[in-house]
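Me: I'd like to learn how to read a model like this one. Could you walk me through it, feature by feature?

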Amino acid sequence: MSDEIDNTKDLLSKRRSRRQVLASLGLGAAALYVAPTLLSMDQAEARGHGHSRPSRSRRSYSRPSYSRPSYSRPRYSRPRYSRPHYSRARYSHEHYPRQERYYSRPQRSRWERDGVIEIRLSRVLPRW
Amino acid sequence: MPNLQDYALEGIGPCLRLVNAEPLESILTAVMPGWPITPCVEQEKTPDVCIWRHPKGYWQQAPALPDGALLDTAVGTACSVIADAAGAYFYRHPDLVGLHCGSVEINGQLVIFPDTYRAGKSTLTAAFAAAGQRVYGDDVLALNNAGEGIALGVAPRLRLPLPEALSPAFQAFVNAHLGPHDTRYGYLRLDDTQLAAHGQRCPLGAILLIDRDDTIVEPQLTRLQPGDGLWQLLRQNFAEHESDQALIERFLPLLQHLPCFLLRYHDAYEAAQWLCARWQSDATECLSPARALQAELPALHSALDLADGRYWRASEAALTFPLGDELFVIAKEGGAIHRLNTTSRAVWALLQHEPMDLELLSETLASFFTGAELAQVRQDTAHLLGQFQQAGLINAIRV
């Protein structure tokens, strides 16, 4: 009998402390239940190492790149006369050593990428 | 001898060389009217951005284009130079964060609308200009530690041809202000009352998420959770070298006081006029935050078995950042960022308090929340715990 009372007391005490935990979040007794959600974004993908594509289980995203117009890929379009002889040595690729490439962006222009809208905005939100 | 001219940009210094590409100078001046670009003496060290005239357009090399790029029009080349100039500007000013957003000044405060490409930022930015508001940018805005937006001084750029569905008044505004353009894009020619100059500052007043929808009859404005704004800023910034933890810590104080709204509209010009007429009126001030955005349902395979009897505890290594009713969690250094809504945050708090299993959690939630049905709560919680486990946010323990 005494054990039963102790167990009940313990149970009630634990319930009370759990309610206190929830109350500490600012949740009142009338808090409405909404389904729990967890949205995730991967930092590696955020650094532009991943592909931006929708995912059901994990929302991926890419940091944006600055707006740039579409341009031809050098391997397809770079003409032999693309740079005059006077400039070839002086302005060649070697003049952009890695340590001098001080800012970087994905080279793909933004309109070559798939757009990804990750937040599905409710159609039933309160309005005015 | 080639015609070679170097240029300096305000806030960056000498950074551009044009080789036989004189026509670009006037184009650049026109598309970045608020960002002074001045000829300077030939630099001993080659400027970072070099452009040569090319029979098929212009050839550009830049740190971000190590293999070079052939651009077929002067406007396209100017756009590419702006991209490099913005990158260089943020490199030179590491205290600033580059936000990918449209931004306009309304009543002395900046309203920013960060969104993905082709979401309508530029059109809405231009529409605000047509509605009499001052533009800070349609693509990039610098943000300082004081929560002020800083203009780069670049004109808005619209995709051409304009959709026929645009309102006649907006069409007329664009036609009257169309500056340098090619067949694909056109920059607006705005004066200094319509476009903020490079370096001009203005405190942020609100974040606007935009949703263009052809079925909308009248614009609608909804107050969102501050977490919606933070989530968007975390995705739409150019701070490639700053950790997301540092970014959250940077954005968090700003978001505590910055209202976040969802603007749904059909016509950008109508939306801009409509919003300006109501901005900071009682109508916007009394909008109560939406309870929750409807999220895409996560994959079901991650759910725990409903009979799972393991006890779980929240990972002690995780970093947490409360914002409004929500919680942002980074499980470990360099790891993913997780956004927990009210109920997920409650589960997280309970698992920080004591180890609990699925049933105990479900009973606790069902007895606490109004309108919670135990069977549904059990299913939702199983799903959430599965996601927590996959994300490394909780650990199973022996009791």
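Me: How many residues of domain 1 of chain B are in contact with domain 2 of chain B?

Reply: Keep in mind that this is a predicted model. For a domain contact, count the residues on either side: here 19 residues of domain 1 of chain B touch 22 residues of domain 2 of chain B. The assignment puts domain 1 at 4-92 and domain 2 at 97-278, with a domain 3 at 311-397. Between the C-alpha centres of domains 1 and 2 of chain B there are 25 Å.

Me: Which elements give two or more residues to the domain 1 side?

Reply: Go from residues to elements. On that side they are α1 (23-31) and α2 (74-92) of chain B, and α2(B) has the largest share, eight residues. By residue type, the domain 1 side splits into 14 nonpolar, four polar and one charged.

Me: What is the strand order in the six-stranded sheet of chain B?

Reply: Read a sheet across its strands rather than along the sequence. This one is open, runs β3-β1-β2-β4-β5-β6 and has mixed pairing. β3 (37-40) and β6 (65-71) of chain B each have a single partner strand, so one side of each lacks a neighbour in the sheet. From one strand to the next, the twist averages 25°.

Me: Over how many bridges do β4 and β5 of chain B pair?

Reply: Five, in the antiparallel sense, between residues 49-54 and residues 57-62. To pin down the register, take one pair: B:I51 has B:Q60 in β5(B) as its bridge partner. Then look at what packs on the sheet: α2(B) touches β1 (4-9), β2 (13-19), β4, β5 and β6 of chain B, and its direction makes about 10° with that of β5(B).

Me: Which residues have the most contacts inside the largest nonpolar core?

Reply: B:I51, B:A78, B:I82, B:I112, B:A127 and B:A272, in a core of 137 residues. α2(B) turns up again, giving the most to this core with twelve residues. To zoom in, skip sequence neighbours within four places: B:A127 is then in contact with B:F170, B:A268, B:Y269, B:A271 and B:A272.

Me: Which strands form the four-stranded open sheet?

Reply: Check the chain letters: the order is β1(A)-β21(B)-β20(B)-β19(B), with antiparallel pairing. β1 (38-41) of chain A and β19 (319-323) of chain B are the edges; each has a single partner strand, so one side of each has no neighbour in the sheet. Neighbouring strands are turned by 20° on average, direction ignored. Five bridges join β19(B) to β20 (residues 326-330) of chain B, and B:L323 has B:E326 as its bridge partner in β20(B).

Note on methods
Residues numbered from 1 in each chain as written. Chains lettered and ligands numbered in written order. Predicted model: local features only at pLDDT ≥ 70, side-chain atom pairs only at ≥ 80, totals over all residues. Domains from an automatic or database assignment. Contact = placed C-beta atoms within 7 Å. Nonpolar A, V, L, I, M, F, W, Y, C, P; charged D, E, K, R; others polar. Pairing = 2+ DSSP bridges. Axes fitted to C-alpha atoms, helices over the stretch in contact; angles between N-to-C directions. Core = buried A, V, L, I, M, F, W, Y, C linked by C-beta atoms within 7 Å. Buried ≥ 20, exposed ≤ 12 C-beta atoms within 10 Å, placed from the backbone.
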